[in-house]
Amino acid sequence: MAANTDADASVVATDRSIQPPSMGKLITILSIDGGGIRGLIPATILAFLEAKLQELDGPDARLADYFDMMAGTSTGGLITAMLSTPGKDNRPVFAAKEINEFYLENGPKIFPKKKVGPLTSIVTGLSLVMGPKYDGKFLHSKIQSLTKETRLSQTLTNIIIPTFDVKYLQPTIFSSYEAKSDKLKDALISDICISTSAAPTYLPAHYFETQDDQGNKREFHLVDGGVAANNPTMLAMTNITKEILLENADFFPIKPIDYGRFLIISLGTGSAKLEEKYTAFECAKWGVINWLYHGGFTPLIDIFSHASADMVDIHASVLFKALQSEKHYLRIQDDSLNGDSSTVDVTTRENMENLINIGKRLLKQPVARVNLETGVYEPCGEEGTNEEALIKFAQKLSVEKKRRNAKANA
């Protein structure tokens, strides 16, 4: 086979990068919720989606080649970084199918199992009052070894990851678009991932500083992005809307804003909604310790993280229904978790494999949409299974990528 000419190489490079939305017809978003070890559920679904894209466009296809923005919170932020941080040959450090292997290998070291004894629940409850359940040292080291010195502005596609600044009591959102114009927001990917994963009571808050070319510094005092947006779908949509209003060249001339052009896949990490774990009668008797730790769970963390995720899904569902573009928004979520599978830190081999199986089972289930009255996901029989919906999305993503590349190379 003849060696590539310079022209050939440029075509290959163009085909491996995502052209801006201004070159096509759609704006594509991938969103991944927070949920600790339950990240195995969306990771399983992403492996399926990437495999379908590879069937269409070849074995080198990666999710970062197809999404204008990837959004992730907590464990979703870590997955987002794995899929978008450049590694060898400027390709993502992880293929989607490798993420489950990462969790299976490293999950027990991130969330090491405590010794079980007759006083375990009491000791655990008291330790949560005294400090975080885990020191985070292994997780921090692992993230830093994976992402090295990569900064937010250097990811292979645009990403957005939420955190919360405890010093200023406000969300701090890390967006690729902002990082390209503001060096004080162009943090290391490692610092961002450590921060968005710092779930209160589980992992310690994270401090770091950034500095611009003029020597100005900014300090960050951050905890888990789930405090602000456990489901970052609307965050991604809002960030892109802002860029359109600012007349960012990536989107020009997409005005007025047409949300019917958005194509969104939003992946949850599951919830125990159908298990009905808590009641008002029970909660009415709780003090601080029970709200923080009760029966092996963390009720307060569960409540605000699921409330945050559900509110976003409700807003997005209403918006796309109003635009008659419901099939442009795919939310995949399981609200029937129970026992260990509903926790964020049980990393036994049995539980992790169960979470992977839940992801596989979700693929076979019908597309479901949230009932705006009950908050429960109900099947939409006419749209087929999640697997079938993802295959259709893969086809749309592939067509859009080829459309953009053709225009860029014309």
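**Entry 1: the whole chain**

I started with burial: 54% of the 410 residues of the protein count as buried. I note here that the model is predicted.

I then looked up the secondary structure, which comes to 15 helices and ten strands. The radius of gyration is 21 Å, and the globule rule gives 22 Å for 410 residues; the two are close, so the protein is as compact as a globular protein of that length. Along the principal axes, the C-alpha atoms fill a box of roughly 70 × 55 × 45 Å.

For contacts, I took pairs of residues at least 6 apart in sequence, and 75% of these contacts join residues at least 24 apart. The exposed surface of the protein is about 18,500 Å², with 56% of it supplied by carbon and sulfur atoms. I also looked up the charges: there are 44 positive and 50 negative ones, and their mean positions are 2 Å apart.

**Entry 2: helix H2**

Helix H2 covers residues 40–57, which is 18 residues. I compared its length with the expected one: from first C-alpha to last it reaches 25 Å, close to the 26 Å expected at 1.5 Å a residue. I listed its buried residues, which include Leu40, Ile41, Pro42, Ile45, Leu46, Phe48 and Leu49. Glu50 and Lys52 are also on the buried list of H2. After H2 comes Gly58, with a positive phi near 105°.

**Entry 3: Leu267, in contact with part of H2**

Leu267 sits in strand S7, residues 262–267. Is Leu267 buried or exposed? Its relative accessibility is 0%, so Leu267 counts as buried; the cut-off for buried is under 20%.

Leaving aside neighbours within four places in sequence, I found Leu267 in contact with Pro42, Ile45 and Leu46, among others. Those three residues are on the buried list of H2. Other contacts of Leu267 include Leu30, Ser31, Ile32 and Asp33, as well as Arg331 and Ile332. I also looked up its distance to Leu222: the two are 45 residues apart in sequence, and their C-alpha atoms are 24 Å apart.

**Entry 4: helix H13**

Helix H13 runs over residues 299–322, 24 residues in total. At 1.5 Å a residue it should span 34 Å, and its end C-alpha atoms are 34 Å apart, so the two values agree. Its buried residues include Pro299, Ile301, Val312, Ala316 and Phe320. Asp302, Asp310 and Asp313 are buried in H13 as well. Gln324 follows H13 and has a positive phi, near 55°.

**Entry 5: Met234, in contact with part of H13**

Met234 is found in helix H10, residues 233–245. Its relative accessible area is 24%, so I put Met234 down as partly exposed. Which residues does Met234 contact, leaving aside its neighbours within four places in sequence? They are Val312, His315 and Ala316. Of these, Val312 and Ala316 are on the buried list of H13. Met234 and Lys148 are 86 residues apart along the chain, and their C-alpha atoms are separated by 29 Å.

**Entry 6: positive phi in two loops**

Most residues other than glycine have a negative phi. I therefore noted Asp89, which is not a glycine yet has a positive phi of about 60°. Asp89 lies in the loop between helix H3 (75–84) and helix H4 (99–110). With a relative accessibility of 58%, Asp89 counts as exposed.

Glu247 also has a positive phi of about 60° and is not a glycine. I found Glu247 in the loop between H10 and S7.

Note on methods. Residues numbered from 1 in each chain as written. Predicted model: local features only at pLDDT ≥ 70, side-chain atom pairs only at ≥ 80, totals over all residues. Heavy atoms only, no water. Helix = DSSP H or I, 4+ residues; strand = E, 2+ residues; numbered from the N terminus. Rg over C-alpha atoms; globule rule 2.2 N^0.38 Å. Buried < 20%, exposed > 50% of the residue type's maximum accessible area, 1.4 Å probe, protein only. Contact = heavy atoms within 4.5 Å. Areas by Shrake-Rupley, 256 points an atom, 1.4 Å probe, with all protein chains shown as cover. Lys, Arg positive; Asp, Glu negative; His and termini not counted. Charge placed at Lys NZ, Arg CZ, Asp CG, Glu CD. Expected span 1.5 Å × (residues − 1).
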